[in-house]
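This report concerns aromatic contacts, cysteine sulfurs and helix packing. The structure is shown below.

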Amino acid sequence: IVRSPKSFNSQTGVPLSVMQLTSEHTLGLFEAGISKPGEMERLARIIAPDIGIFTNIGEAHQEGFPDMETKLREKLLLFKDCKLLVYSVDNELVAEQIAAAFPDGVGPRLLGWSAYGKPADLRVLNYLFSYGKTKISVAYDEPSSHESHFIEIEIPFTDTASIENATHCLACILDWQSELRQGTDWQSVLQRFARLEPVAMRLELKEGINGCTVINDSYNSDLTSLAIALNFLQQQGKKLRRTLILSDILQSGQTVAQLYGTVAGLLVEKRIDRLIGIGKKVEHVRKYLPPSFDAKFYPTTQAFFDDFSELVFRDEAILLKGARQFEFERIANRLAIKFHKTVLEVNLSALLNNLRVYQSQLGPGTKMMVMVKAGAYGSGSAEVAKLLEFQNVDYLGVAYADEGVELRKAGIQLPILVMNPEEATFEALVRYRLEPEIYSLSLLRNFYAFLENHFAQQNTPNGQSIHPLGGTGNPPQTGKQAAINIHVKFDTGMHRLGFEEADIEPLLELLLKESESRPTVLVKTVFSHLAASEAPQHDDFTRQQFARFQKMYEHLVGGLGYSPMRHILNSGGIVRFAEQQMEMVRLGIGLYGVDSSGLLQDRLQTVNTLKATISQIKNVAMGETVGYGRLGKAERPMRIATISLGYADGLLRRAGNGRFSVLVEGKRAPLIGNVCMDMTMVDVTDIPEATEGGPVVVFGKDLPVQELATCLGTIPYEIFTTISERVKRVYVQE
């Protein structure tokens, strides 16, 4: 089988997908979508499908069409030369347009299905939900014999989308049944539905035992996804040892020599330090590796576990890449630190998308500083910083020195600006090459005093030359040791921190004062902070800030004799005031998918998803009460789910008593009663598919964090940064 490799825009992805086809393939499975008229006709010529599945129709890309009917007609052009078209007749608009496009004897043979008792070739008789699984019972009328068959399958999902997808697949397979039955155990085909696993187009990164990082990509195994996963492994930093646990690669269509010769080349190219192979064929890779390569092989996953105590996993990045039958999820569970079921899922692919959206707004040569303070707005500073360094951003910004120290210990080498340096942390600033914001004369005097004392004690040898890493003009040169970079903050109207105009002369006097007992201090950048860059009603004030900043900068530069870089734009300013980009901009909340200006929001993707699980479901009689203070009242017989999340995790009490709803199986479930410290109760009376152990989304793609922020009377910044440390961060990459 060849399939769409990842979630490309269809105009790019369809050609790339079809180009994968070779003589070894017997089935191609391709997905296609459109954003404007004319696109599907081109895609149809490229794919030329034999079988079509019309999955659904939604609001995505609707802006390119005058109405939904037009978009539907355009989409149906993909199927005009198909032999078979599978669709749900329950969507009346879809059914009407298909009937109009393909009347009797025209176009593909139609196979419709219904879950609501409508006339159809396949009729869903019942859905039975139980502990995260759904049993689907259907009646199918075979076209050739007109016989009715009653079939039952089970899938390990309860969400509506998965049920709909499974029914599409079942309808397609049942149409093939006469062909499949030749030499095939038909029941074994149907039983495979029960072995489905969550969508495998992403990998997960978790904290592991003994200081390890565990990257779990054990849902699929092919050369393309292996190369992608190895790139992600490289992103974790140069200091960590890199280990790959790899299973046999199945159904590659290549000879053993071709396949494992290519694998060996990837391992050498990506500088893998250790390989653990599991399976009967993966050992073939040994003959293509250098003799000194650290490699060990096991015939089965159980054999690996039998030898686990003899293997040492410590302070390394471990990538798990295996075919499903090898059950690498068992290895992932063994290597990962066990934690609270509530997790903050951080989508690094979405974060990268958002970075590129903002980079696309910059002029040529404009640098970017990315703020990773407060644990990267709750997302986890080290992992986010590793991605940013891998993507070659220019600077990182943190609030306090200890945040910068954490990044240095994680192997981050980028320049780091510390916005709130404290006298007690001066030694850490110098030791870890962190660059302080200087916002007052007293802070600068204290920093100078520390440097003179510190370097006198260290007796640092002279002889290194000074050269700044940016800015314009030529700073003074000296024969003393390398300079210390600082960043000067101007107060242009925020009135929080910073030098005012009257401070420029005494600031210059201090900056120009040479000392033989300390290194030269160079002003790397000069910057200020906008108070209301996202608000059009305050644009006059914002422009005044720009003018004040430039006047103060020119005064400072006139005395310095060289020109440090300037930066004043934050996320909202990048979008609304492109003419003020200067030499650098600072990206903050926009990186995490929230555009305060509203102008880029439709191009940004959701980075953070807060997930909990259902611990228990209870039936509560009418008149009973729920939670502390008996504030939750059952106005009818209710099903109440207790979820693994409370105010100690970051869901504040103000969200309780019906003011906020979470998502359970894609449906809104209002909070009932008070939020407890570690748990919250929600109403799932109208969500019969809700089961114990099932997932709950507090905010994410389908429930924007802005809704919770509005409910709590705050902003997304506060929501992200109040997520407790006990809520473990899980990193995923599509």
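## Cysteines, aromatic rings and a helix pair

The sulfur of Cys82 has its closest cysteine sulfur in Cys172, at 10 Å, which is too far for a bond. The model discussed here is predicted.

Cys169 likewise has Cys172 as the residue holding its closest cysteine sulfur; the separation is 7.4 Å, again too far for a bond. A disulfide would require the two sulfur atoms to lie within 2.5 Å. A search of the whole structure accordingly returns 0 disulfides. As to surroundings, Cys82 counts as buried, because its relative accessibility is 5% and the limit for that class is under 20%. Cys169, at 37% relative accessibility, counts as partly exposed.

The aromatic residues form the next topic. A pair of aromatic rings is described by the distance of the centres and the angle of the planes. The count of aromatic pairs in this model comes to 13. One of them joins Phe426 and Phe447, whose ring centres are 5.1 Å apart and whose planes meet at 70°. This pair is edge-to-face, because an angle over 60 degrees places it in that class. The contact links distant parts of the chain: Phe426 belongs to helix α16 (residues 426–431) and Phe447 to helix α17 (residues 441–458), with the two positions 21 residues apart in the numbering. Phe426 is buried, at 2% relative accessibility, and Phe447 is buried as well, with a relative accessible area of 1%.

Elsewhere, one aromatic cluster is made up of Tyr298, Phe304, Phe305, Phe308 and Phe313.

Two tyrosine rings, those of Tyr448 and Tyr553, each have the charged end of an arginine over the face. The table gives the distances to the ring centres.

| Arginine | Ring | Distance to ring centre |
|---|---|---|
| Arg518 | Tyr448 | 3.8 Å |
| Arg566 | Tyr553 | 5.4 Å |

How do the axes of helix α18 and helix α19 cross? The axes of α18 (residues 504–511) and α19 (residues 539–560) come within 10 Å of each other, and their crossing angle is roughly 30°. Helix α18 is therefore roughly parallel to α19, since angles under 35 degrees fall in that class. The handedness of the crossing between α18 and α19 is right-handed.

In summary, the search for disulfides gives 0, the aromatic pairs number 13, and the α18 and α19 axes cross at roughly 30°.

Definitions and conventions. Residues numbered from 1 in each chain as written. Predicted model: local features only at pLDDT ≥ 70, side-chain atom pairs only at ≥ 80, totals over all residues. Heavy atoms only, no water. Phe/Tyr/Trp six-rings, centres within 6.5 Å; stacked < 30°, edge-to-face > 60°. Helix = DSSP H or I, 4+ residues; strand = E, 2+ residues; numbered from the N terminus. Buried < 20%, exposed > 50% of the residue type's maximum accessible area, 1.4 Å probe, protein only. Lys NZ or Arg CZ within 6 Å of the ring centre and 35° of its normal. Axes fitted to C-alpha atoms, helices over the stretch in contact; angles between N-to-C directions. Parallel < 35°, antiparallel > 145°, perpendicular 65-115°, else oblique. Left-handed = near helix turned anticlockwise from the far one by under 90°.
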